[in-house]
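Subject: The structure I mentioned

Hi,

Here is the structure I promised to pass on. Have a look at it first, and then read my notes below.

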Amino acid sequence: MRKLIVLLFLLFAFNSYAQQKRMNQCGFIIPDNVMIPPNRFASVYEARDILQNMLDTLVWRENFMIREENGINNAYATILNGRRWIIYDNTFLEKLDYITATKWASISVLAHELGHHYKNHVVDGVGSTPSKELEADFVSGFIMAKFGASVNEAKAAMSKIASDYGSSSHPPKNERLNAIGQGWNYAKGLSNTPTPPSNPTGPGNTKPQSGQGTAKPQTQQNPPSAPPVNNPTTDMSWIHLTVSADQPITVFLSDDGRKFEPVELKPGEPFVFKFEIYQYGWMKLVNSPTAKSYRLSHFKDYSIVWSRRNRNWLVVEIP
């Protein structure tokens with residue numbers, strides 16, 4: 001029997017505002033009648049990679065699984081058959097990015113759902129409460145700051161989909177935006193008042209190992225902390241991009257395959273960088289929608305070389 005914890009199938013006491021908007025079971029306003037332009041996104045939303053980067057940011061071991069479920073107009077944390085899950089609707093997330101005009105909107109929603117698992121909200125059988133939602137909002141703000149989002153970008157999604165009015169399960173928009181801002185400030189060192197995670201016991205507090213019937217106990221988690229700062233010169237996760245040319249050339253890089261930024265490559269000087277969201281990103285040699293996109297991955301280096309046989313530039317992975 002499925003047991004949904006954070007996502008409650010309750011009848012909310014909708015006020016006049018909510019009656020004018022269609023809302024999902026998590027109390028979020030669904031962005032209806034949004035037509036995403038064709039080919040706006042270069043790839044399917046890479047939720048798993050984003051969540052893994054969030055886990056790395058929190059220096060925390062994953063205790064949940066992830067599943068895409070189209071048509072639910074939602075993203076939520078839950079327990080199904082004794083296992084923790086984050087379930088999301090890819091179209092719902094892409095709509096959020098479109099109506100807020102920022103990629104951070106959908107990422108902050110995933111961070112919020114991760115926050116429910118990080119705080120062990122799904123294990124007590126109580127369901128959503130305003131305090132739980134605010135704690136998850138705090139975690140979302142913290143992660144967004146560590147990812148490089150501005151405080152306004154961290155709040156973009158909640159500004160659009162949260163109700164102005166609270167309920168027995170969800171706080172009002174102003175309180176949620178304030179919690180996101182507090183998490184963001186704490187990550188930036190502007191506040192020294194973290195919200196320590198709870199660790200109640202109960203179902204779903206452990207995750208069965210793949211292919212086994214036993215589970216490894218979860219340990220008490222510490223408050224969010226920043227990952228160690230590594231030296232880009234020696235840390236192999238950073239990408240070194242070089243060019244074999246006599247003159248500087250300009251290439252175009254993107255961390256999400258949507259918006260490309262120009263970067264000048266100088267002969268003999270490697271451009272050292274990481275993509276901010278995924279463990280990989282995209283590069284174009286020409287700033288054109290029809291230009292070929294090259295996928296570059298962390299932990300690898302690349303060089304752009306001129307092929308005299310093909311009479312064009314080639315992107316070569318350096319062994």
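What follows is a short tour, from the whole chain down to one residue.

First, a caution: this is a predicted model. The chain has 319 residues, and 48% of them count as buried. Its secondary structure comes to seven helices and 13 strands. If you take the contacts between residues at least 6 apart in sequence, 61% of them join residues at least 24 apart.

**The helices**

I started with α6, which covers residues 151-161. Which of its residues are buried? They are A154, A156, A157, M158 and I161. Looking down the axis of α6, you'll find these buried residues within an arc of 160°, so they line one face of the helix. As a reminder, an α-helix has 3.6 residues a turn, so residues three or four places apart point the same way.

What does that buried set pack against? The partners are α3, α4 (104-118), α5 (130-147) and α7 (173-187).

The α3 partner is worth a look of its own. The axes of α3 (residues 90-100) and α6 come within 10 Å and cross at roughly 100°. That makes α3 roughly perpendicular to α6. On the α3 side, the contact is made by L96, I99 and T100, and on the α6 side by A156, A157, K160 and I161. By type, the residues of this contact divide into five nonpolar, one polar and one charged.

**The four-stranded sheet**

Now to the strands. Four of them form an open sheet in the order β8-β7-β10-β11, with antiparallel pairing. Why do β8 and β11 each have one side without a neighbour in the sheet? β8 (261-265) and β11 (293-297) stand at the edges with a single partner strand each, so one side of each is left free of a neighbour there. On average, neighbouring strands of this sheet are turned by 35° against each other, direction ignored.

To find your way in, try the join between β10 (residues 280-284) and β11: they run antiparallel and share five bridges. One pair to look for is M283 with its bridge partner Y294 in β11.

**Around β12**

Strand β12 (residues 301-307) is joined to strand β13 (residues 312-318) by seven bridges, and the two run antiparallel. Among the pairs, V305 has L314 of β13 as its bridge partner, while Y302 is matched with E317 of β13. This hairpin has four residues between the strands, and R311 takes a positive phi near 60° in it.

β12 is also joined to β6 (residues 239-243), this time by three bridges, and that pair runs parallel. Here the bridge partner of T242 is S303 in β12.

**One residue to click on**

I'd finish with I304, which lies in β12. Is I304 buried or exposed? I304 is buried, with a relative accessible area of 0%. The C-alpha atoms of I304 and T242 are separated by 6.3 Å, although the two residues are 62 residues apart along the chain. Leaving aside neighbours within four places in sequence, the contacts of I304 include L241, T242 and V243, as well as W313, L314 and V315. M283, the residue from the β10 and β11 join, is also in contact with I304.

Shout if you get lost in it.

Cheers

Definitions and conventions: Residues numbered from 1 in each chain as written. Predicted model: local features only at pLDDT ≥ 70, side-chain atom pairs only at ≥ 80, totals over all residues. Heavy atoms only, no water. Axes fitted to C-alpha atoms, helices over the stretch in contact; angles between N-to-C directions. Parallel < 35°, antiparallel > 145°, perpendicular 65-115°, else oblique. Contact = heavy atoms within 4.5 Å. Nonpolar A, V, L, I, M, F, W, Y, C, P; charged D, E, K, R; others polar. Pairing = 2+ DSSP bridges. Buried < 20%, exposed > 50% of the residue type's maximum accessible area, 1.4 Å probe, protein only. Arc of directions from axis to C-beta.
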